[in-house]
Amino acid sequence: MTGAVTALAGELPEWVTLLRAPNPGPMTLDGTNTWLLRAAPGEPALVVDPGPADEAHLAAIAAQGPVGLVLITHGHPDHTEGSMRLRDLLGGVRILAADPAHTIGGEPLTEPGQHFGGFGLEVRLLATPGHTADSVCFLAERDGQRVVLTGDTILGRGTTVVAHPDGHLGDYLSSLELLSTYRGIPALPGHGPALADCGAAADFYLAHRRARLDQVRAALDAGARTAAEVVAKVYADVDRSLWWAAEWSVRAQLEYLGRESGDDNVGLDRP
């Protein structure tokens, strides 16, 4: 779905910097957002999502050093592919993710509410599975100013996919309900512009998902029997080049409704 989710953020806190990777596309919007949080000049920064293995982008991140810690919102390649190279450029910095496969030099992020102190910042882990099984968000605070780093759970423009079978719609709805409690706090997404209100964006996403479920039920009642047939009915207004991605969400919706289609799974690594 295209269009604005909620009001865009005005000026970001002075301790937040956006470094956008040069990988624009239908699924990445303007490119993958790498967020850099630094409490004060000279303090080690915290980096969220290294992005793709683009040498110029990774060099731009490294040029912002010192960096004390790298966090990962989820394991899709456009967020993690550059992790090992960035670690080399930064001299062995820890990289923490929910998935052990993307965790380097530390323990995986497994405890909801886990705090990351130091560097003049307070950062708390928010467990938000649904887009993928390993999706997390981060609540970051400095001197009473707070932001939520939402990865692909909430985007800055349009809506995200539930990447079935790794993603799960029930989990995603629960995660959106959690994020809806962060009212009036800017959302820093994995793609697209920053949003003024994480809670309002989550409300929008919840309404959208519930409306799509109603549309899927109607398509099934009208005779659709496969995910592809549901996509053709429900996502007719979406560019056909993105229908393969819409099938991720439809399969998740069918599973949620107890009406799995039996189609072959769509590969999660499709570009």
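Residues are taken as buried when their relative accessible area is under 20%, and by this criterion strand S3 (residues 45-48) of the predicted model is covered on both faces, with Ala-45 and Val-47 buried on one side and Leu-46 and Val-48 buried on the other. On one edge, S3 is paired in the antiparallel sense with strand S2 (residues 33-37) over 3 bridges, and within this arrangement Leu-36 stands opposite Val-47. S3 also pairs with strand S4 (residues 67-71), here in the parallel sense and over 4 bridges, and Ala-45 has Val-67 as its bridge partner in S4. Between S3 and S4 the chain passes through helix H1 (residues 55-62), and the resulting β-α-β crossover is right-handed.

The nonpolar interior was examined next. In soluble globular proteins, nonpolar side chains tend to be buried together. In this model the largest nonpolar core comprises 24 residues, of which Leu-126, Val-148, Ile-154, Leu-169, Leu-179, Tyr-182 and Cys-198 touch the most other members. Two or more residues are given to this core by each of strand S8, helix H4 (169-179) and helix H5 (198-221), and the greatest contribution, 6 residues, is that of H5. When neighbours within four places in sequence are left aside, Cys-198 is found in contact with Val-148, Thr-150, Ile-154, Leu-179, Tyr-182, Ile-185 and Ala-187. A second core, separate from this one and made up of 23 residues, includes Leu-69, Leu-96, Val-123 and Phe-138.

Helix H4 was considered in further detail with respect to its buried residues, which are Leu-169, Gly-170, Tyr-172, Leu-173, Ser-175, Leu-176 and Leu-179. These buried residues of H4 pack against strand S7 (122-127), S8, strand S9 (145-151), H5 and H7. Two of the buried residues of H4, Leu-169 and Leu-179, are also among the members of the largest core that touch the most others.

Aromatic side chains were then surveyed, and a search of the whole structure yields 3 aromatic pairs. One of them joins Phe-116 and Phe-138 in an edge-to-face arrangement, with 6.4 Å centre to centre and 65° between the planes. This pair links distant parts of the chain, since Phe-116 belongs to strand S6 (residues 115-116) and Phe-138 to strand S8 (residues 136-142), the two being 22 residues apart. Phe-116 counts as buried because its relative accessibility is 9%, and Phe-138, with a relative accessible area of 0%, is likewise buried.

Trp-244 and Trp-248 form another edge-to-face pair, for which the computed values are 5.5 Å centre to centre and 90° between the planes. Because these two residues lie 4 residues apart in helix H7 (residues 243-256), Trp-244 and Trp-248 are separated by about one helical turn. An α-helix has 3.6 residues a turn, so residues three or four places apart point the same way. Trp-244 is buried at a relative accessible area of 12%, and Trp-248 is buried at 4% relative accessibility.

Aromatic rings also take part in two arrangements with arginine side chains. The charged end of Arg-212 is positioned over the ring of Tyr-235, at 4.2 Å from its centre, while Arg-240 lies over the face of Trp-243, 4.3 Å from the ring centre.

Key
Residues are numbered from 1 along each chain as its sequence is written. This is a predicted model: local features need pLDDT of at least 70, side-chain atom pairs count only at pLDDT 80 or more; totals for chains, interfaces and linings use all residues. Side-chain values use heavy atoms; hydrogens and water are left out. Rings of Phe, Tyr and Trp (its six-membered ring) pair if their centres lie within 6.5 Å; planes under 30 degrees apart count as stacked, over 60 as edge-to-face and the rest as tilted. Buried means under 20% relative accessible area, exposed over 50%, partly exposed in between (1.4 Å probe, protein chains only). A charge sits over a ring if NZ of Lys or CZ of Arg is within 6 Å of the ring centre and within 35 degrees of the ring normal. Two strands pair if DSSP finds at least two bridges between them. A crossover is right-handed if, with the strands pointing away from the viewer, the path from the first strand over the helix to the second runs clockwise. A nonpolar core is a set of buried Ala, Val, Leu, Ile, Met, Phe, Trp, Tyr and Cys residues joined through side-chain atoms within 4.5 Å. Contact means heavy atoms within 4.5 Å.
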